[in-house]
Amino acid sequence: MTGAVVWLERTSTGVAGASREAVGVARSIAGGGPVVGLLVGAGGPSAAERIPVDRLLLVDAPGLADASSAQLAALLAAAAAASGADSMVLAGTARGRDVVGRLAVRWGAAAATNVTDLVAGGSGELHVTRPVFGGRASETLELPGPRRILAPRPHAFAEPPPASAAPPSEALVLPDGFSALPGRGMEGFEPTVGSKGPELGEASIVVSGGRGLRTPESFHLVEELAESLGAAVGASRAVTDAGWRPSSYQVGQTGRAVSPQLYIAVGISGAIQHIVGMVSSRVIVAINSDAQAPIFKVADYGIVGDLFPILPALTAEIRRQRGLTGSAPG
Ligand SMILES: Cc1cc2nc3c(=O)[nH]c(=O)nc-3n(C[C@H](O)[C@H](O)[C@H](O)COP(=O)(O)OP(=O)(O)OC[C@H]3O[C@@H](n4cnc5c(N)ncnc54)[C@H](O)[C@@H]3O)c2cc1C
């Protein structure tokens, strides 16, 4: 394996944390070859400042800020051709995973998404591990060469330390036929309604609430706990179906899959459709009044009790420990 290209997915605040983690993965499989970052959109290299890649390839075009998967696959293949890389790593976000399949066909590569561990063998082979059956088992695959694409699961790999200086950058020459590729063709755009804190899929801590909160008016207890921890807010489908919170909050089979360092489930029973969306979280804490609730089967720590006195007390104690002054917002 020699060299790897990483797509540096952009967010409103810079490069996605999952893309930074992808840079570390790229380094570990690049076989001593260069790690090249691809940055697409307006604004030049500043968005990727101090990202520890050896070189940046830029497509500085405002019209491509929301490039389609077809366009991104073409740009990534061009970046690999320009750098001679035989591996690519994309963040395991919804966008990243969407691009992987198309890119694998276009570039003629073996691909794996949702990767949580990898071992590079001495003869150039790559063994990757990923959860299957909703996290109840894991499988290890050998990805044959010569070309490979990986999409690591967010938070499964550590983010490498930033570089001491910005990497050298140059413009990527657009591949032949690029202008004929379909764009995203959006006719309208409605921003996702999210909570105030970090983005659900990116957050290191997620606090989710379920039907145990009984009314939409009680949901602020979950939001205050989340705020005290700097966490994103999630919800079970019972909550989103009832209209207590928008569907963008939903965690689970038909919602978002999250894998934070810490997942706190409050008043959530632990139906399998919820579990598959959060079971790969590093540490799971459940708060539920029913000691037999299935959520406790996947929880690392559990509090059996009534959430209504527990949540305010927990939030107050976390605020005190973290030196957050003033009373919790109501
Ligand atoms: C095709 C399909 C797809 C689905 N996709 C999803 C999905 O993506 N995500 C999802 O979440 N669900 C999904 N569901 C729904 C899922 O099956 C459950 O119905 C749902 O997750 C239940 O939500 P809940 O745990 O909040 O509510 P409940 O199952 O009603 O659980 C409420 C919990 O709160 C506890 N509780 C009550 N009062 C208190 C209190 N005072 N203090 C502490 N605990 C208390 C109860 O003991 C109970 O365990 C899907 C279902 C189907 C059929």
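This is a short chat about a predicted model, its ligand site and three single residues.

Me: Ligand first. Which residues come nearest to the ligand?
Reply: Arg211, Ser236, Thr254, Ser269 and Asn288 come nearest, out of 26 residues around the ligand.

Me: What does arginine 211 offer the ligand?
Reply: A polar backbone atom. An oxygen atom of the ligand is 2.8 Å from that atom of arginine 211.

Me: And glutamine 250, what part of that residue is used?
Reply: The side chain. One of the polar side-chain atoms of glutamine 250 lies 2.8 Å from a ligand oxygen.

Me: Which ligand atom pairs with leucine 307?
Reply: A nitrogen. The distance from this ligand nitrogen to a polar backbone atom of leucine 307 is 2.9 Å.

Me: How much of the ligand does the protein bury?
Reply: The protein buries 75% of the 980 Å² that the ligand exposes when taken alone.

Me: Where does the ligand sit in the pocket ranking?
Reply: The ligand takes up the space of the second largest pocket.

Me: Which helices supply at least two residues of the shell?
Reply: α5 (237–241), α6 (272–275) and α8 (307–321) each do.

Me: How do the shell residues divide into nonpolar, polar and charged?
Reply: Polar residues number 15. There are 6 nonpolar and 5 charged ones in the shell around the ligand.

Me: New topic. Where is arginine 245?
Reply: In the loop between α5 and β15 (262–266).

Me: Is arginine 245 buried or exposed?
Reply: Buried. Its relative accessible area is 18%, and the cut-off for buried is under 20%.

Me: What does the arginine 245 side chain contact?
Reply: The side chain of glutamate 223. The two make a polar contact at 2.8 Å.

Me: Now serine 83. Which helix holds that residue?
Reply: Helix α2, which covers residues 69–83.

Me: Why does serine 83 count as buried?
Reply: Because its relative accessible area is 18%, and buried means under 20%.

Me: What lies 2.9 Å from a polar atom of the serine 83 side chain?
Reply: The backbone oxygen of alanine 79.

Me: Last one, alanine 165. Where is alanine 165 found?
Reply: In the loop that runs between β11 (148–152) and β12 (169–171).

Me: Why is alanine 165 called partly exposed?
Reply: Because its relative accessibility is 46%. Partly exposed is the class between under 20% and over 50%.

Me: What separates alanine 165 from arginine 97 in space?
Reply: Their C-alpha atoms are separated by 30 Å, and the two residues are 68 residues apart along the chain.

Conventions. Residues are numbered from 1 along each chain as its sequence is written. This is a predicted model: local features need pLDDT of at least 70, side-chain atom pairs count only at pLDDT 80 or more; totals for chains, interfaces and linings use all residues. Side-chain values use heavy atoms; hydrogens and water are left out. A residue is near a molecule or strand if one of its heavy atoms lies within 4 Å of it. A polar contact is a pair of N or O atoms within 3.5 Å; within protein, one must be able to donate a hydrogen and the other to accept it, and residues adjacent in sequence count only if both atoms are side-chain atoms. Accessible areas come from the Shrake-Rupley method with a 1.4 Å probe; for residues, only the protein chains shown count as cover. On a 1 Å grid over the protein atoms alone, a cavity is a set of points where a 1.4 Å probe fits but cannot get out, and a pocket is an open set with protein on both sides within 12 Å along at least five of seven lines; lining residues have an atom within 4 Å of a point. A molecule sits in a cavity or pocket if more than half of its atoms lie within 2 Å of its grid points. Helices (H or I, at least four residues) and strands (E, at least two) are DSSP runs, numbered from the N terminus. Ala, Val, Leu, Ile, Met, Phe, Trp, Tyr, Cys and Pro count as nonpolar, Asp, Glu, Lys and Arg as charged, and the others, Gly among them, as polar. Buried means under 20% relative accessible area, exposed over 50%, partly exposed in between (1.4 Å probe, protein chains only).
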